[in-house]
Amino acid sequence: MKVIFLNIIFLFVLPCLMCGIIKKVKAFFARRKGPSVWQYSFDLLKLLRKGEILSSFSCIRNGGVLALSGVLAAAMLIPQISGESVLNFVYYDYILFIYI
């Protein structure tokens, strides 16, 4: 149970942290101060709080939610910290990952 919780935390925190570290290193080599390491995650949280804007001809209302859930489902099939994936199917992981 702890391993699954660590994998999920790893899945959400590490990408934001890595983007911040990359921006910080690029700013260092350009001799600038650069943004905070957590600025990317702050921007992401700010973006998730915004409401959606729909036109009168919109045919897909939940497109962003569908795209995000597909990416998260695919990411949970990849082995992370413990060598196991969060959604662990014994033999068919790769077939399911390709399908998603």
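The paragraphs below lead through a predicted model, from its overall fold to its largest pocket and then to a few individual residues.

The protein has four helices and zero strands, so that, read from the N terminus on, its elements run α-α-α-α. Of the 100 residues in the protein, buried ones make up 14%. Before any detail is taken from the coordinates, the confidence of the prediction deserves attention: the average pLDDT over the protein is 79, and 80% of the residues score at least 70. That confidence can also be followed element by element, with helix H2 having the highest mean pLDDT, 88, and helix H4, which covers residues 93-99, the lowest, 66. Where pLDDT is low, the predicted coordinates should not be read in detail.

The next feature to look for is the largest pocket, which holds about 380 Å³ of space. The pocket is lined by 16 residues, and those closest to its centre are Leu11, Phe12, Pro15, Cys16 and Leu44. Three helices each supply at least two residues of this lining, namely H1 (2-29), H2 (39-49) and H3 (63-75). Helix H1 provides the largest share, with six residues. In terms of residue class, the lining consists of 15 nonpolar residues and one polar residue, while charged residues are absent from it.

Cys16, which is among the residues closest to the centre of that pocket, leads on to the cysteines. Why does Cys16 form no disulfide? The closest cysteine sulfur to that of Cys16 belongs to Cys19 and lies 6.9 Å away, which is too far for a bond, because a disulfide is counted here when two cysteine sulfur atoms are within 2.5 Å. Cys19 is likewise in no disulfide, the nearest cysteine sulfur being that of Cys16, and the count for the structure by this rule comes to zero disulfides. The surroundings of the two residues can be set side by side: Cys16 has a relative accessible area of 8% and is therefore buried, whereas Cys19, with a relative accessible area of 30%, is partly exposed.

Another residue to locate in helix H1 is Leu17. Leu17 counts as partly exposed because its relative accessible area is 22%, and the cut-off for a buried residue is under 20%. Leu17 also gives a reference point for the path of the chain, since Leu17 and Ser36 are 19 residues apart in sequence and their C-alpha atoms are 10.0 Å apart in space.

Two phenylalanines provide the aromatic contact of the model. A pair of aromatic rings is described by the distance of the centres and the angle of the planes. The structure holds one such aromatic pair, made by Phe28 and Phe29, whose ring centres are 5.4 Å apart and whose planes stand at 70° to each other, an edge-to-face arrangement. Phe28 and Phe29 are both exposed.

Further along the chain, the loop between H1 and H2 contains Arg31. What is the phi of Arg31? Arg31 is not a glycine, and yet its phi is positive, at about 60°. With a relative accessible area of 80%, Arg31 is exposed.

Definitions and conventions: Residues are numbered from 1 along each chain as its sequence is written. This is a predicted model: local features need pLDDT of at least 70, side-chain atom pairs count only at pLDDT 80 or more; totals for chains, interfaces and linings use all residues. Side-chain values use heavy atoms; hydrogens and water are left out. On a 1 Å grid over the protein atoms alone, a cavity is a set of points where a 1.4 Å probe fits but cannot get out, and a pocket is an open set with protein on both sides within 12 Å along at least five of seven lines; lining residues have an atom within 4 Å of a point. Grid points are joined across faces, edges and corners, and a volume is the space filled by probe spheres set on the points. Ala, Val, Leu, Ile, Met, Phe, Trp, Tyr, Cys and Pro count as nonpolar, Asp, Glu, Lys and Arg as charged, and the others, Gly among them, as polar. Rings of Phe, Tyr and Trp (its six-membered ring) pair if their centres lie within 6.5 Å; planes under 30 degrees apart count as stacked, over 60 as edge-to-face and the rest as tilted. Buried means under 20% relative accessible area, exposed over 50%, partly exposed in between (1.4 Å probe, protein chains only). pLDDT is the predictor's confidence in each residue, from 0 to 100.
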